[in-house]
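This report describes how two protein chains are arranged with respect to each other and to a DNA strand. The sequence and structure are shown first.

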Protein chains: 2
Amino acid sequence: MVDVAAIAGVTTMTISRYLREPERVSPLTSAKIKEALDSTGYTPNKQAGGLASGKSPVIAAVIPNVGNTLFAETVQALCDVFHGSGYELLLSATNYDLEREEEQVRAMLGWLPAALIITGRRHTDATLQMMRNARDRGMPIVEIWDKTTRPSEFIQVGFNHQEAGVLMAKHLIERGYTDLAYVDSGVPDDFRAHERGLSFVRHAKAAGCTATTIIAPRGEPMAAGRATLRTLCGGSLPRALAFANDHLAVGAYLHAQSVGLAVPDTVAMLGFGDIALATELGSGISSVATQRHQIGFATATRILQELSGAAASTASLPPELRPEVIHRSST
Amino acid sequence: MVDVAAIAGVTTMTISRYLREPERVSPLTSAKIKEALDSTGYTPNKQAGGLASGKSPVIAAVIPNVGNTLFAETVQALCDVFHGSGYELLLSATNYDLEREEEQVRAMLGWLPAALIITGRRHTDATLQMMRNARDRGMPIVEIWDKTTRPSEFIQVGFNHQEAGVLMAKHLIERGYTDLAYVDSGVPDDFRAHERGLSFVRHAKAAGCTATTIIAPRGEPMAAGRATLRTLCGGSLPRALAFANDHLAVGAYLHAQSVGLAVPDTVAMLGFGDIALATELGSGISSVATQRHQIGFATATRILQELSGAAASTASLPPELRPEVIHRSST
DNA sequence: TTGAAAGCGCTAACAG
DNA sequence: CTGTTAGCGCTTTCAA
């Protein structure tokens with residue numbers, strides 16, 4: 001910056017001002033600075049800037065797994081919205097491990113990000129402590145992909161997984177099935193999937209149905225779905241299956257196709273997530289649409305709003321992200 | 001840090017040292033510092049640290065689209081390897097737009113990242129200039145998902161797309177097909193897909209086959225694949241189709257199933273990317289395996305190597321990431 | 001409209 | 001093993 005200033009014949013202060021509030025620099029000076037800037041290929045050092053100003057144009061996001069389509073699309077939406085707003089995205093993956101989440105959050109907060117996006121509402125005590133501290137210092141903290149029924153201490157952009165579980169049970173019951181099972185994710189810390197399962201089973205039983213939970217093996221999810229159905233075929237096969245996610249459902253559906261099991265006549269299947277494939281496969285797999293892109297979009301929008309100083313009261317609430325069963329032919 | 005130092009009864013320098021080189025602090029002092037650290041919940045300010053040390057524990061990655069499974073898995077691998085190494089990942093998405101890429105690179109370089117990961121080898125002149133400058137200052141720059149046959153000015157971790165195109169053509173020719181077509185991606189800036197297509201067609205023609213290129217519509221790729229096949233069925237259907245990516249192939253495959261077109265007897269299909277679904281669908285779609293996880297892994301490993309000061313000569317070359325046709329039943 | 005001075009929180013280099 | 005000094009590159013605040 002010193003070089004640029006020397007070339008333009010001004011002080012660094014003027015350069016700095018030109019970069020942040022160009023309207024406060026005279027047109028003549030601006031022209032000189034512009035030229036100097038081009039000739040040097042200057043890139044402002046953001047660390048120095050952040051240190052001096054106490055803010056940093058970074059937004060931190062902590063996600064279980066970027067490789068998962070659901071989260072990947074949410075992240076993509078974040079990138080899209082933040083692009084052009086001047087914020088960068090600092091990303092980290094926890095691999096569904098709360099300890100690792102804690103480390104990541106600690107590391108990210110060291111960057112004094114303008115906001116923190118974190119997945120879900122379950123965190124270690126230490127993580128929660130850090131989140132509260134940060135919030136109290138004015139940092140917007142958004143929990144995504146979950147939503148409690150009562151008001152929460154952080155902003156939440158997502159939906160209620162208990163309701164989602166009930167929704168799944170209701171759908172199957174309405175379609176006339178009474179012998180149900182929930183195929184749960186094999187990932188121990190995938191709390192949201194387990195939560196849907198619990199309330200699925202609870203609701204189904206309360207409605208007088210048979211309902212059990214089956215845990216899919218870990219590993220590649222489609223293969224796990226396939227394996228689960230294979231195992232079930234060995235014993236007693238429930239009349240209708242609700243899956244923790246579409247990948248499991250797809251795997252099971254494909255297995256059914258390959259062994260000639262009729263869907264939904266012999267076994268009905270309901271997925272969760274509504275990935276593109278659910279529409280395309282066979283005559284369509286019924287699934288719960290979750291608006292994963294919308295979650296990213298709403299989160300980013302809400303954060304930008306908060307950061308631009310819109311009072312919490314005026315800040316419009318995130319749009320309703322209520323999940324919805326998309327009925328296709330597998331149920 | 002001043003507070004922590006006061007509580008522990010030492011100077012900030014000792015705290016700083018404890019955090020970075022704990023073995024150089026006496027056990028007694030360490031214990032006190034540890035306690036002070038816990039009691040305050042101190043989080044080091046990374047901007048200040050970076051500014052002072054001239055390095056920053058961040059690695060920048062510029063990717064076309066995080067929502068795409070291929071890149072998402074690469075990114076996931078990056079996260080996994082960098083986790084624990086002390087580096088964070090600064091991520092941005094270009095949406096296959098070189099202008100946007102330029103902006104992003106400029107913004108990211110402002111963080112003085114320890115390394116830069118960028119997708120592909122085509123960039124605007126300004127981007128290239130920035131990359132060269134950075135490299136000359138010692139920053140490892142890695143171009144991923146591509147590889148030129150000649151030595152390149154940057155580190156490349158990926159494979160050669162011309163060879164991949166030839167590979168696809170060869171596979172189909174070996175299987176006895178002579179009336180071929182390449183279904184290209186509808187994304188104009190997906191250069192790598194176009195490049196595979198060009199050499200696919202060139203090789204096929206040189207081998208005496210008929211070969212054309214068909215451009216898939218933009219939009220959701222499976223739907224695009226389906227639409228492409230539907231269109232082709234209206235006119236003359238080539239005997240074998242090579243697709244720019246597996247999503248297109250899957251869409252087309254599903255369309256074939258739904259209209260009762262025999263695969264591969266009426267039309268053969270070869271995908272690219274080898275996503276999990278290619279294995280699972282029907283009796284399997286032949287596809288080119290690209291080791292997308294491996295690309296992330298090799299990139300991260302290589303970068304850590306360079307950063308740990310391993311001389312360029314000793315740094316082991318990234319493992320061979322040669323694509324490979326996985327033959328299943330669709331060809 | 002521009003500049004001067006001070007300092008953000010940390011670490012490098014050296015001294016003790 | 002621990003402390004002192006200086007300064008990273010920028011922005012804030014105030015003065016001209």
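## Chain pairing and the DNA-facing surface

In this predicted model, β2(A) and strand β2 (residues 88-93) of chain B pair in the antiparallel sense over three bridges. Within this pairing, L90(A) has L90(B) in β2(B) as its bridge partner.

A turn of 180 degrees and a shift of 0.1 Å along the axis lay chain A on chain B with an RMSD of 0.3 Å. The two copies are therefore related as by a two-fold rotation axis. The same surface serves both copies, since 100% of the contact residues of chain A recur in chain B.

The contact draws 43 residues from chain A and 43 residues from chain B. On the side of chain A that touches chain B, the elements giving two or more residues are α4, α5 (69-82), β2 (88-93), α6 (98-109), α7 (125-136), α10 (221-234), α11 (246-259) and α12 (276-280) of chain A.

Both chains also take part in the surface near DNA strand C: α2 (12-20) and α4 (46-53) of chain A, and α2 (12-20) and α4 (46-53) of chain B, each supply at least two residues. Of the 23 residues around DNA strand C, those that come nearest are T29(A), M1(B), S16(B), A48(B) and A52(B).

The table gives the residue classes of the two surfaces.

| Surface | Nonpolar | Polar | Charged |
|---|---|---|---|
| Side of chain A that touches chain B | 21 residues | 15 residues | seven residues |
| Surface near DNA strand C | twelve residues | nine residues | two residues |

How values were computed. Residues are numbered from 1 along each chain as its sequence is written. Chains are lettered from A and ligands numbered from 1 in the order in which they are written. This is a predicted model: local features need pLDDT of at least 70, side-chain atom pairs count only at pLDDT 80 or more; totals for chains, interfaces and linings use all residues. A residue is near a molecule or strand if its C-beta atom, placed from the backbone, lies within 6 Å of it. Helices (H or I, at least four residues) and strands (E, at least two) are DSSP runs, numbered from the N terminus. Ala, Val, Leu, Ile, Met, Phe, Trp, Tyr, Cys and Pro count as nonpolar, Asp, Glu, Lys and Arg as charged, and the others, Gly among them, as polar. Copies are superposed by least squares on the C-alpha atoms of residues with pLDDT of at least 70 in both. Two residues are in contact if their C-beta atoms, placed from the backbone, lie within 7 Å. Two strands pair if DSSP finds at least two bridges between them.
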